[in-house]
Amino acid sequence: MKQQLVHVNQVEIYTESFGNPKDPAVLLIMGAMSSLDWWDEEFCERLAEQGRFVIRYDHRDLGESTVYQPGTSNYSITDLADDAIGVLDAYSIEKAHITGMSLGGMIGQIMAVRHPDRLLSLCIIASSVFGKEQASLPQMDQSILDYHSKSASIDWSDREASIAYLAEGWNTLSGSKPFEKERMYLLAEREYSRAKQIQSRFNYVLLGGGEEYLDRMTELRVPVTIIHGTDDPALPFEHGLALSKAISHSELVKLEGTGHEIHKEDWKTIIESIVKVSSSVSHFN
């Protein structure tokens, strides 16, 4: 693993890469309030072993990237899409395969419309349609909202309590597969230890923008794979189905019993899907 702090769009973005830079590039984009740590290091290494140059990075307000005062709104989802392009620029990558989780999948959709010449393929995990239809689909389970409503009472200087909060947050997102408690606590510990200002993660509650890219998925001209768990409590499986209909040429990969997570039991399927879509030759003009 190699580390690099890049300067893009007047901010600093912390990145880590795996594999041979001469291999096809796969940029991993994590979801809201989630640092690069949740793309497990071993997952990245396994993907790199399949002949891919893998890059993961911290969004703004997360990890070791630029952070802002908690409770403020300083960027839009379009800015986050441009940050991803900036990471590619910093690595001198002209075109890349994009894999996005949750919010990262919506960022990927915007990138595919806003910067169509920079994407070779798109893999969307546990995400939804970036469009008006999203509001009519089944909504997030109330238990997730109830859990995060407790965040205001957390003493973020209390390391043990903070790590427990971060790790158990993924428990609320899990499906019917066993909650990977030990792995989640290890990843939460790494996230907490690296964070410049852990409370800034909640600025994502205020994230907006990108209205000009709503309902434009018919414009995608790259191979697309959609991966979605059948037991996702945050963005229920209907979101994946709607997305597959909105992008008519996409392939839908169903993960039985999986929640809003990248469960280790699914790594093989997810990696195989990323390799498959990134090996595709686009026939769309």
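Here are some exercises with worked solutions on the predicted model shown above.

## Exercise 1: Two helices, one crossing

Task: Work out how helix 1 and helix 8 are oriented to each other, and which residues make their contact.

Solution.

Step 1. Find the two elements: helix 1 covers residues 41–48, and helix 8 covers residues 267–278.

Step 2. Look at the geometry. Their axes lie 10 Å apart, and the packing angle is about 40°. Helix 1 is therefore oblique to helix 8.

Step 3. Add the handedness: helix 1 passes helix 8 in a right-handed crossing.

Step 4. List the partners. Helix 1 contributes Glu 42, Phe 43, Arg 46 and Leu 47. From helix 8 come Trp 267, Ile 270, Ile 271, Ile 274 and Val 275.

Step 5. Sort these residues by type: 7 are nonpolar, none are polar and 2 are charged.

## Exercise 2: A closer look at Ile 270

Task: Is Ile 270 buried or exposed, and which residues does Ile 270 touch?

Solution.

Step 1. Place the residue: Ile 270 belongs to helix 8.

Step 2. Check the accessibility. Ile 270 has a relative accessibility of 0%, so it counts as buried, the limit being under 20%.

Step 3. Collect the contacts, setting aside residues up to four places away in sequence. Ile 270 touches Phe 43, Ile 125, Ile 227, Leu 255 and Ile 262.

Step 4. Take one distance as well. Ile 270 and Pro 138 are 132 residues apart in sequence, and their C-alpha atoms are 24 Å apart in space.

## Exercise 3: The nonpolar core and Met 111

Task: Find how many residues the largest nonpolar core has, then follow Met 111 to its contacts.

Solution.

Step 1. Count the core: the largest one has 91 residues.

Step 2. Pick out the residues with the most contacts inside that core, which are Leu 27, Trp 39, Phe 43 and Met 111.

Step 3. Follow Met 111. Beyond its neighbours within four places in sequence, Met 111 contacts Ile 29, Ala 81, Ala 84, Ile 85, Ile 98, Pro 116 and Leu 119.

Step 4. Turn to the helix pair that includes Met 111. The axes of helix 2 (residues 77–90) and helix 3 come within 9 Å and cross at roughly 75°. The two helices are therefore roughly perpendicular to each other.

Step 5. Name the contact residues. On helix 2 they are Ile 77, Thr 78, Leu 80, Ala 81, Asp 82, Ala 84 and Ile 85. On helix 3 they are Leu 103, Met 106, Ile 107, Ile 110, Met 111 and Arg 114. By type, they split into 10 nonpolar, 1 polar and 2 charged.

## Exercise 4: A buried glutamate

Task: Describe where Glu 191 sits, and how helix 5 packs on the helix that holds Glu 191.

Solution.

Step 1. Locate the residue: Glu 191 lies in helix 6, residues 181–194.

Step 2. Judge its burial. Glu 191 is buried, because its relative accessible area is 2%, and the limit is under 20%.

Step 3. See what surrounds the residue. Leaving out residues up to four places away in sequence, Glu 191 touches Met 33, Ser 34, Ser 35, Asp 37, Trp 38, Leu 166, Ile 198 and Arg 201. Ser 34 is 157 residues away along the chain, yet the C-alpha atoms of Glu 191 and Ser 34 are separated by 8.6 Å.

Step 4. Move to the helix pair. Helix 5 (residues 159–171) and helix 6 pack at about 125°, with axes 8 Å apart. That makes helix 5 oblique to helix 6. The crossing is right-handed.

Step 5. Check the contact itself. Residues on the helix 5 side include Leu 166 and Trp 170, and those on the helix 6 side include Tyr 185 and Glu 191. The residues divide into 9 nonpolar, 2 polar and 5 charged.

## Exercise 5: Positive phi in two loops

Task: Where are Ser 102 and Ala 126, and what is the phi of each?

Solution.

Step 1. Recall the background: most residues other than glycine have a negative phi.

Step 2. Take Ser 102, in the loop between strand 5 (96–101) and helix 3 (103–114). Its phi is positive, about 60°. Ser 102 is buried, with a relative accessible area of 14%.

Step 3. Take Ala 126, in the loop between strand 6 (119–125) and helix 4 (142–148). Its phi is near 50°, also positive. Ala 126 is buried, at 2% relative accessible area.

Step 4. Finish with Ser 127, also found in the loop between strand 6 and helix 4. Among the residues that Ser 127 touches are Ser 102, Met 106 and His 228.

Terms used:
Residues are numbered from 1 along each chain as its sequence is written. This is a predicted model: local features need pLDDT of at least 70, side-chain atom pairs count only at pLDDT 80 or more; totals for chains, interfaces and linings use all residues. Side-chain values use heavy atoms; hydrogens and water are left out. Helices (H or I, at least four residues) and strands (E, at least two) are DSSP runs, numbered from the N terminus. Buried means under 20% relative accessible area, exposed over 50%, partly exposed in between (1.4 Å probe, protein chains only). Contact means heavy atoms within 4.5 Å. Axes are lines fitted to C-alpha atoms, for helices over the stretch in contact, and angles run from 0 to 180 degrees between N-to-C directions. Angles under 35 degrees count as roughly parallel, over 145 as roughly antiparallel, 65 to 115 as roughly perpendicular and the rest as oblique. A crossing is left-handed if the near helix is turned anticlockwise from the far one by less than a right angle, and right-handed if clockwise. Ala, Val, Leu, Ile, Met, Phe, Trp, Tyr, Cys and Pro count as nonpolar, Asp, Glu, Lys and Arg as charged, and the others, Gly among them, as polar. A nonpolar core is a set of buried Ala, Val, Leu, Ile, Met, Phe, Trp, Tyr and Cys residues joined through side-chain atoms within 4.5 Å.
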